[in-house]
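Reader: Could you walk me through this one, a question at a time? I'd like to see it before we start.

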Amino acid sequence: MGIRFFRGEKIKLEHEFRQLQEIVSILRKEYPREPVYVLTGVLVANSQIDCIILTRNGPVLLELKAFQGEVRGLENGNWVVETKDGPITLPNLFIQAKIHRQDFIDRLIPICRENIPHIGERNLRKTASWLYLCRGSTYPEGQIDFRKVKWFRIVTADDLVERLHFVDSGYTLRIQDMDAIVQGLHLEEYSFEKESPLIPAARQKREPLLSRRALTLLVAILAIFLVAVLVVVTVPGVRVAAGNAFQGVVAVVGGWFQVLARGTFKVNTTVDESRQAVLYLNRLRAAEGETPLLFDERAYNLALARAEDMAGYKYLNYTNPKTGSSALALKRSYGFSPNEFLIETLYGQWTAYVPGIETQAIDSWMMDTGNRQRLFFNQTAGAVACYKGYCSYIGIRPVTPESTPAAPAGNITADQAAP
């Protein structure tokens, strides 16, 4: 996780680069673990947007202006910056921010329709478009009413972080949503410090289905098979022997195809993959001072059953809307005692199973306040399991007769009879 950089055009102006350095330094301190995408030089219909910040709260457009002083300007007319060297007249910066915002929304609408339908076009109208000025700049009250024009602000390095925390887009951007926006805008990822493109890691060379040795063996077996057929045709009395040889070849080849099929058509998380996902979660918990979790195979089996049930009935909820099945209903069937509380967190991307979906689900949960709370709640063990595009995390909190856990916001299951 952390900050990733994407661009449409290279940074050409020195003041823009220095202001971007300032912004990046601020973001790195404030978001050391949360994913943040910084987009620069983004071309849109009528101009170029200097900087776009994508956080879980939504996109924020920044127009960079290397001025310091008291800023005066309304919705109409020119703007003026009162600097120590005297006033500087500027074109209407409000209109400039408004045009950038509308152009960006127009570009975002088809991207959202195709890849991020949960956002909704109405929420795109909340996209923020701000002016970023040098430290110490001010915008006196009594000019533009920010209560009515909620998408517009004038910010500096002094209050950028505070303003970002209060962005209200009406939705949450997941990592895959940010990726869809970047791909839809056709931006390239680059190293901000080196100003050079990041070359994607070379695709792993695909292993052949059969090694050279196995292929040689298969050819030999086929040759033997052809010889056997020839013997059957030309030598009386060997039909039975040839039939047995043929059955042997069929058994060997069938075994190979079963092995290949298991690797090619994988649909769910294995026990080892779930263990690795718990280790990944433990690294995130350790960074927050939380104790590590133990891997629990009962939790893995229950999580896998929940994921498979969601995939089968096409829903994403803690309770199956048709059968009423839930982690609570299945709890005892998977070996949990009445004194064990279960915490469940769900994820769905509505696609087939892909390698790494377990950590992708954890990253998505980390970006949501409620799900993050459930991952960091005081618990001793757990497991993650995915089936096709659905994932479930089951956390375990033993409860002694002397204590009762404080419940976090989220789905916690326990038997009614539990103390």
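Author: What follows is a run of questions and answers on strands, buried polar residues, the core and the cysteines.

Author: This is a predicted model, where local features need pLDDT of at least 70 and side-chain atom pairs count only at pLDDT 80 or more, while totals for chains, interfaces and linings use all residues. Residues are numbered from 1 along each chain as its sequence is written, and side-chain values use heavy atoms, with hydrogens and water left out.

Reader: What is the strand order in the open sheet of 3 strands?

Author: Strands here are DSSP runs of E with at least two residues, helices are runs of H or I with at least four residues, and both are numbered from the N terminus. Two strands pair if DSSP finds at least two bridges between them. The pairing in this sheet is antiparallel, and the order is 5-6-7.

Reader: Which strands stand at the edges there?

Author: Each edge strand has a single partner strand, so one side of it is left without a neighbour in the sheet. That applies to strand 5 (70-72) and strand 7 (86-90).

Reader: Which residue is the bridge partner of Val81 in strand 7?

Author: Strand 6 (residues 79-83) runs antiparallel to strand 7, with 5 bridges joining the two. Within strand 7, Val81 has as its bridge partner Ile88.

Reader: And in strand 2, which residue does Arg7 stand opposite?

Author: Strand 1 (residues 3-7) and strand 2 (residues 36-43) run parallel and are joined by 5 bridges. Strand 1 is mostly covered, with 4 of its 5 residues buried; buried means under 20% relative accessible area, exposed over 50%, and partly exposed in between (1.4 Å probe, protein chains only). Opposite Arg7 in strand 2 stands Thr40.

Reader: Is Lys331 buried or exposed?

Author: Lys331 sits in the loop between helix 10 (327-330) and strand 13 (340-348). Its relative accessible area is 0%, so Lys331 is buried.

Reader: Which residue's backbone oxygen lies 2.5 Å from a polar atom of the Lys331 side chain?

Author: A polar contact is a pair of N or O atoms within 3.5 Å; within protein, one must be able to donate a hydrogen and the other to accept it, and residues adjacent in sequence count only if both atoms are side-chain atoms. For the side chain of Lys331, the backbone oxygen at 2.5 Å belongs to Glu340.

Reader: Which backbone oxygens does the side chain of Gln379 reach?

Author: Gln379 is in the loop between helix 12 (369-376) and strand 14 (381-387), and is buried at a relative accessible area of 1%. Contact means heavy atoms within 4.5 Å, and leaving aside neighbours within four places in sequence, the contacts of Gln379 include Arg285, Ile343 and Tyr393. Its side chain reaches backbone oxygens at 2.8 Å, on Arg374, and at 3.0 Å, on Phe377.

Reader: Which element gives the largest share of the largest nonpolar core?

Author: A nonpolar core is a set of buried Ala, Val, Leu, Ile, Met, Phe, Trp, Tyr and Cys residues joined through side-chain atoms within 4.5 Å. The largest one has 40 residues, and those with the most contacts inside it are Ile362, Trp365, Leu375, Tyr393 and Ile394. Among the elements giving two or more residues are helix 8 (271-287), helix 11 (357-366) and strand 15 (390-398). The largest share, 8 residues, comes from helix 9.

Reader: How many residues of strand 15 are buried?

Author: Strand 15 pairs in the antiparallel sense with strand 13 over 9 bridges and with strand 14 over 7 bridges. It is largely enclosed by the rest of the structure, because the buried count is 8 of the 9 residues.

Reader: Which residue in the turn of the hairpin of strand 14 and strand 15 has a positive phi?

Author: The hairpin has 2 residues between its strands. The turn residue with a positive phi, about 55°, is Lys388.

Reader: What is the torsion about the S-S bond of Cys386 and Cys391?

Author: A disulfide is a pair of cysteine sulfur atoms within 2.5 Å, and by that rule the count is 1 disulfide. Cys386 and Cys391 form it, with their sulfur atoms 2.1 Å apart, and both cysteines are buried. The disulfide is right-handed because the torsion is about 105°.
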